[in-house]
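Work through the exercises below with the model open. Try each task before reading its solution.

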Amino acid sequence: MSVYRTGDPLDRRHFLTAAALRGATVIGTGALGTGVIGATALGAVDADAAFAAPIRPLDPAVAESAFAEGRITAINDDVLEVAGSYGDHSRIRVTGATSVWKARATTAADIETGDGLYARGLPLPDGTLAADAVWVNIVNLHATIRGIEKTRLHLAHGHHEIVGNLMAETTNAAYGTASPTADLSRLAIGQSAQVLGAWRPSDGSVDLVRVAVPPGAGRRR
Amino acid sequence: MACGSTKLWNGEATWFCCGNAWGPCASAGGGACGTCRSSALQAAWPNASKACWDITRPDLCGEDIPRRGCGSVMKVRHDCSGASVCVTVSDCGPRTRSFCSESTCCDGICRTNRVIDLTPAAFSAIGSLSSGTLPVSIFE
C-alpha cells in the first residue's frame, strides 16, 4: 500500500501561503485552462507526497487547514467557484504549490466546470481557500463486481449500478496483501471490491484507478 | 468523551462519503447516526451498535473492537507521519469482514484489517485521498 514521503511541510506551507497572498502563481497565463502546475522548487507536488507529513501553521495565529467540497460552477483565472453539497459556496484558489489529482496526478488544466472536488488548504483573509491539494471527481466505493467486459466493469454500489471504465496503463488491481498489479485477470464476478477512481460527470461512470479485492479472493487455482 | 491519548485500537483507515454529496455519493445519506457529512471531521466505527457489529463482523478477522456509539470522539493518528485528527463517530463501518488480513504499511510499520472509515475531510487531514488506506492508531 501507499507510503508517503515529502519534503519539509513547513516550507511547502510557507510557499503556498506566500504564493496565494501575493497572487503570484506559476500558472502559465494565470488562467487554469492554459496553466501548468506540478513542479515547484519544493520538489514533488503530487497529491500523495503533498500530505506525507502533518502540515502545521507557521504561526499559532494562523488558522489550521480547512476543507471544502462540492461541484465547480465556474473557473475565474486561478479561482474555482464551488457549490457545496449543503448550499454553501467556496472559492478555491489554485496556486503553484497546489497538487491536483484527477484519476492521476495532473495539472489544473484538467479541471473543468461541473467537476466535483475535495480540497484542502489555508483560509485566506479574502475569503478564498488557498488549496495545497485538490482531488477532482475522486470516489472510493465499496462495491460488488457484477459483470466484466474488456473495457469496463459493472459494479453494484448499494442499490445502484455503476459502470467502471478500465483505463490502459492506469487501472490496477490489489489482491489482498499483494502490491497492486496491472494484471486484472483475477477479478471475478461476485467479488467484493473497494473501488478508487474518478467519476465522470458527463455519464456517471467511474474511471477505475484501483480495484482492491479481499485477500484470497483473487488467488489463482 | 474527549479526544484523548489513551490507546484504543490500531489498523487500517479507509475513507467514505456520506450526507449530501456529488457523484455516486449522492445516495449515501446521513449514515447510521443520521448526522454524517463528508465535509465534517467524522468517522464510521465497526461497533457503533449491535446491529452495526452484525454487519461489519470485525471478530471474523480477529478484531474484538469495543463498542463506541454515535457521538463518541476519537483521535486518529497516521502511524508514519504522526499527523492526527479528532473525529466523531457518525456512522457504522467499515465492513471489516470483507477485507480480513488486508494490510497497509509504511516505513516498515504495517497495520492489518480495516478498523475505521473516515470522511474525506478527516482522511485528507492526515493523508492523501488517492491512497485509499492509511495505517493508523486510534486514541480516546
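**Exercise 1. A buried acid in chain B**

Find the backbone atom that lies 3.4 Å from a polar atom of the side chain of B:Asp117. Then place B:Asp117 in its strand and look for a salt bridge.

*Solution.* This is a predicted model, so distances are read from predicted coordinates.
- Step 1. The backbone nitrogen of B:Trp15 is the atom, 3.4 Å from the side chain of B:Asp117.
- Step 2. B:Asp117 belongs to strand 7 of chain B, residues 114-118.
- Step 3. B:Asp117 is buried. The nearest side chain of opposite charge is that of B:Arg114, at 6.4 Å. A salt bridge needs the nitrogen within 4 Å of the carboxyl oxygen. B:Asp117 therefore has none.
- Step 4. List the contacts, leaving aside neighbours within four places in sequence. They include B:Thr14, B:Trp15 and B:Phe16. B:Gln42, B:Ala43 and B:Ala44 also touch B:Asp117. B:Gly93 and B:Pro94 complete the set.

**Exercise 2. The fold of chain A**

How many helices and strands does chain A have? What percentage of its residues is buried?

*Solution.*
- Step 1. Count the elements: two helices and 14 strands.
- Step 2. Chain A has 221 residues, and 52% of them are buried.
- Step 3. Check the sequence range of the contacts. Take those in chain A between residues at least 6 apart; 61% of them join residues at least 24 apart.

**Exercise 3. Salt bridges in chain A**

Which residue forms a salt bridge with A:Asp115? Do the same for A:Arg120 and A:Asp207, then state whether the partners are buried or partly exposed.

*Solution.*
- Step 1. Over all chains, the count is 16 salt bridges.
- Step 2. A:Asp115 pairs with A:Lys102, with the closest N and O atoms 2.9 Å apart. A:Asp115 sits in the loop between strand 6 (105-106) and strand 7, and A:Lys102 in the loop between strand 5 (89-101) and strand 6, so the pair ties together parts 13 residues apart in sequence. Both residues are buried.
- Step 3. A:Arg120 meets A:Asp132 at 3.9 Å, N to O. A:Arg120 is in strand 7 and A:Asp132 in strand 8 (residues 129-136), twelve residues apart. A:Arg120 has a relative accessible area of 5% and is buried. A:Asp132, at 4%, is buried too.
- Step 4. A:Asp207 and A:Arg200 meet at 2.7 Å, N to O. A:Asp207 is buried at 12% relative accessibility. A:Arg200 is partly exposed at 33%.
- Step 5. Look for shared partners. Salt bridges join A:Asp78, A:Arg93 and A:Asp126 into one network.

**Exercise 4. The interface of chains A and B**

Describe the interface by residues in contact, buried area and polar pairs.

*Solution.*
- Step 1. On chain A, 45 residues are in contact with 42 residues of chain B.
- Step 2. The buried area is about 3500 Å², with 62% from carbon and sulfur atoms.
- Step 3. Zero salt bridges cross this interface. Nine residue pairs are in polar contact, both residues at pLDDT 80 or more.
- Step 4. Name the elements of chain A that give two or more residues to this side. Among them are helix 2 (47-50), strand 3 (66-76), strand 9 (138-148) and strand 14 (206-213).
- Step 5. Sort the side of chain A by class: 26 nonpolar, 13 polar and six charged residues.

Notes. Residues are numbered from 1 along each chain as its sequence is written. Chains are lettered from A and ligands numbered from 1 in the order in which they are written. This is a predicted model: local features need pLDDT of at least 70, side-chain atom pairs count only at pLDDT 80 or more; totals for chains, interfaces and linings use all residues. Side-chain values use heavy atoms; hydrogens and water are left out. Contact means heavy atoms within 4.5 Å. Buried area is the accessible area (1.4 Å probe) that two parts lose on being put together, summed over both. A polar contact is a pair of N or O atoms within 3.5 Å; within protein, one must be able to donate a hydrogen and the other to accept it, and residues adjacent in sequence count only if both atoms are side-chain atoms. Helices (H or I, at least four residues) and strands (E, at least two) are DSSP runs, numbered from the N terminus. Ala, Val, Leu, Ile, Met, Phe, Trp, Tyr, Cys and Pro count as nonpolar, Asp, Glu, Lys and Arg as charged, and the others, Gly among them, as polar. Buried means under 20% relative accessible area, exposed over 50%, partly exposed in between (1.4 Å probe, protein chains only). Lys and Arg count as positive and Asp and Glu as negative; His and the chain ends are not counted.
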